[in-house]
Amino acid sequence: CTSITIRLALVSTINIPLRVTTTAFFSLPVLALIGVIVGSRSWSATRRRKRGAELLSTKKRFDDLRSIIGFLVIYKARGLPIYSRIMKEGFEEGMLSGFITAITNFASELREDAKLWTAYPISEVMSAVETEKLICALITVDSPSASLTRNLEEMGSALGERFDSSDGILA
């Protein structure tokens, strides 16, 4: 076996086999290459998971949009629709607003505390948010998702802030 001789001043001679130094010299780049490969695979897997989560979020938003039948803003005192957007045919907005107002008034008489600014289900496919003067209702194909309910609450609070405090607009 070939060896390298290192002479230290005033001590003695140390013999290091050449095989040990060559192995150590070549193993560092191999370990670095393995580290780069493992790191890049981990980074790639993280990117794939993030991209998958983004795509799933987009799919859920489109599913929510596809399930919406209509949106109504109803003047609570009279039961008349102020704004209505029915996406599917076959729904009479006057009948829907009357039905929603009747159910909401009946439910508010049974409840002791007013449930303003929070979404509550009227039926399996209808949810509503009450403000002081308005009812914002969402009609869907099946029960609304959590994001649709949250969006309905945000819309109800925005409309309530705008129109509840204004005297004369909804008199």
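# Exercises on helices, salt bridges and cores

At 48% relative accessibility, Arg51 counts as partly exposed, where buried means under 20% relative accessible area, exposed over 50%, and partly exposed in between (1.4 Å probe, protein chains only). The model is predicted: local features need pLDDT of at least 70, side-chain atom pairs count only at pLDDT 80 or more, and totals for chains, interfaces and linings use all residues. Residues are numbered from 1 along each chain as its sequence is written, and side-chain values use heavy atoms, with hydrogens and water left out.

## Exercise 1. Salt bridges

Task: Determine with which residue Arg51 forms a salt bridge, and where the two residues lie.

Solution.
Step 1. A salt bridge is a side-chain nitrogen of Lys or Arg within 4 Å of a carboxyl oxygen of Asp or Glu. The structure holds 4 of them.
Step 2. The partner of Arg51 is Glu54, with 3.6 Å between the closest N and O atoms.
Step 3. Both residues belong to helix α1 (residues 18-67), 3 residues apart, about one turn of the helix. Helices (H or I, at least four residues) and strands (E, at least two) are DSSP runs, numbered from the N terminus.
Step 4. Glu54 has a relative accessible area of 46% and is partly exposed.

Task: Describe the salt bridge of Lys59 and that of Lys76.

Solution.
Step 1. Lys59 meets Asp63 at 2.7 Å, N to O. These two residues also lie in helix α1, 4 residues apart, about one turn of the helix.
Step 2. Lys59 is partly exposed at 46%, and Asp63 is partly exposed at 27%.
Step 3. The side chains of Lys76 and Glu130 meet at 2.9 Å, N to O. This pair links distant parts of the chain, with Lys76 in the loop between β3 and β4 and Glu130 in strand β6, 54 residues apart.
Step 4. Lys76 and Glu130 are both buried.
Step 5. Salt bridges that share partners join Lys59, Asp63 and Arg66 into one network.

## Exercise 2. Two helices

Task: Establish where the buried residues of helix α2 lie around its axis, and what they pack against.

Solution.
Step 1. Helix α2 (residues 93-110) has 18 residues and reaches 26 Å from its first C-alpha to its last, close to the 26 Å expected at 1.5 Å a residue; the expected span is 1.5 Å times one less than the number of residues.
Step 2. Its buried residues are Leu96, Ser97, Ile100, Thr101 and Thr104. Seen down the axis of α2, they fall within an arc of 130°, so they line one face of the helix; the arc is that of the directions from the helix axis to the C-beta atoms.
Step 3. On the other side of α2, Met95, Phe106, Glu109 and Leu110 are exposed.
Step 4. The buried residues pack against β3 (68-75), β4 (80-86), β5 (119-121), β6 (126-130) and β7 (134-140), contact meaning heavy atoms within 4.5 Å.

Task: Repeat the analysis of buried and exposed residues for α3.

Solution.
Step 1. Leu148, Leu152, Gly156, Leu159 and Gly160 are buried in α3. They cover an arc of only 105° around the axis, which puts them on the same side of α3.
Step 2. The face turned away from that side carries the exposed residues Ala146, Glu161 and Arg162.

## Exercise 3. The largest nonpolar core

Task: Identify which elements give two or more residues to the largest nonpolar core.

Solution.
Step 1. A nonpolar core is a set of buried Ala, Val, Leu, Ile, Met, Phe, Trp, Tyr and Cys residues joined through side-chain atoms within 4.5 Å.
Step 2. The largest has 12 residues, among them Ile69, Leu96, Ile100, Met126 and Ile139. The elements are β3, α2, β6 and β7.
Step 3. Apart from this core lies another, of 11 residues, including Ile68, Ala119, Val129 and Leu152.
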